[in-house]
Amino acid sequence: MSSSPDLRARAASPVPITPPDPEAARLRKWALIWAGLLLPATLLAGLLALSTEAAASCIMRGTSCGGAPGFLYVASLVIAAVAYVAVRRASRADVRRAALRTQLGAEAVFVLFVATTFA
């Protein structure tokens, strides 16, 4: 009787098997939640910005239309998007935590820029 190929001894892997990280799923979930909350927060900040006297003056008379340069809005959104991808794809827990903090900070800066558009 010959032994079947399924019963052959296999060499042990030199790379240790690591258990799945339970924090990874939690951080990915929070990154998705915060990314989803960016749109409602932006809409609310935009409504608040439009309800100011400076916004009315800017829209009606074209005066006192201040605000941040447009590239700052884009830069904060790009940083938030890159950080979101890093949270989803990173294999190390400390990188995921730092990326989530970066995502939250960049989203907060973007919402702050929107809220102070007519300031």
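Helix H4 of this predicted model comprises 23 residues and reaches 33 Å from its first C-alpha to its last, which is close to the 33 Å expected at 1.5 Å a residue. The buried residues of H4 are Arg 96, Ala 99, Leu 100, Gln 103, Ala 106, Glu 107, Phe 110, Val 111, Phe 113 and Val 114, and these buried residues pack against H1 and H3. An α-helix has 3.6 residues a turn, so residues three or four places apart point the same way. The protein to which H4 belongs has 4 helices and 0 strands, and its elements run α-α-α-α from the N terminus on. Of the 119 residues in the protein, 24% are buried. Among the contacts between residues at least 6 apart in sequence, 77% join residues at least 24 apart.

The packing of H4 against H1 was examined next. The axes of these two helices, H1 and H4, come within 9 Å and cross at roughly 5°; with angles under 35 degrees counted as roughly parallel, H1 and H4 are therefore roughly parallel to each other. The residues that make up the contact of H1 with H4 divide into 17 nonpolar, 3 polar and 5 charged. A residue on the H1 side is Thr 42, which is found in helix H1, spanning residues 22–50. Thr 42 counts as buried because its relative accessibility is 17%, the limit for a buried residue being under 20%. When residues up to four places away in sequence are not counted, Thr 42 touches Phe 110, Val 111 and Val 114, and these three are listed among the buried residues of H4.

Between H3 and H4, aromatic side chains come together. The count of aromatic pairs comes to 2. In one of them, Tyr 73 and Phe 110 are arranged edge-to-face, with 6.2 Å from centre to centre and 85° between the planes. This pair links distant parts of the chain, since Tyr 73 lies in helix H3 (residues 70–89) and Phe 110 in helix H4 (residues 93–115), 37 residues apart. Tyr 73 has a relative accessibility of 18% and therefore counts as buried, and Phe 110, with a relative accessible area of 10%, is likewise buried. The rings of Tyr 73 and Phe 113 have their centres 5.6 Å apart and their planes at 55°, so this pair is tilted. The pair of Tyr 73 and Phe 113 also joins distant parts of the chain, with Tyr 73 in helix H3 and Phe 113 in helix H4, 40 residues apart. Both of these residues, Tyr 73 and Phe 113, are buried. Taken together, Tyr 73, Phe 110 and Phe 113 form one aromatic cluster.

A further link between H3 and H4 involves Ala 86, which is placed in helix H3. Ala 86 has a relative accessibility of 26% and therefore counts as partly exposed. Leaving aside neighbours within four places in sequence, Ala 86 is in contact with Arg 96 and Ala 99, both of which appear among the buried residues of H4. Ala 86 and Arg 96 are 10 residues apart in sequence, and their C-alpha atoms are 6.6 Å apart in space.

Key: Residues numbered from 1 in each chain as written. Predicted model: local features only at pLDDT ≥ 70, side-chain atom pairs only at ≥ 80, totals over all residues. Heavy atoms only, no water. Phe/Tyr/Trp six-rings, centres within 6.5 Å; stacked < 30°, edge-to-face > 60°. Buried < 20%, exposed > 50% of the residue type's maximum accessible area, 1.4 Å probe, protein only. Contact = heavy atoms within 4.5 Å. Axes fitted to C-alpha atoms, helices over the stretch in contact; angles between N-to-C directions. Parallel < 35°, antiparallel > 145°, perpendicular 65-115°, else oblique. Nonpolar A, V, L, I, M, F, W, Y, C, P; charged D, E, K, R; others polar. Expected span 1.5 Å × (residues − 1).
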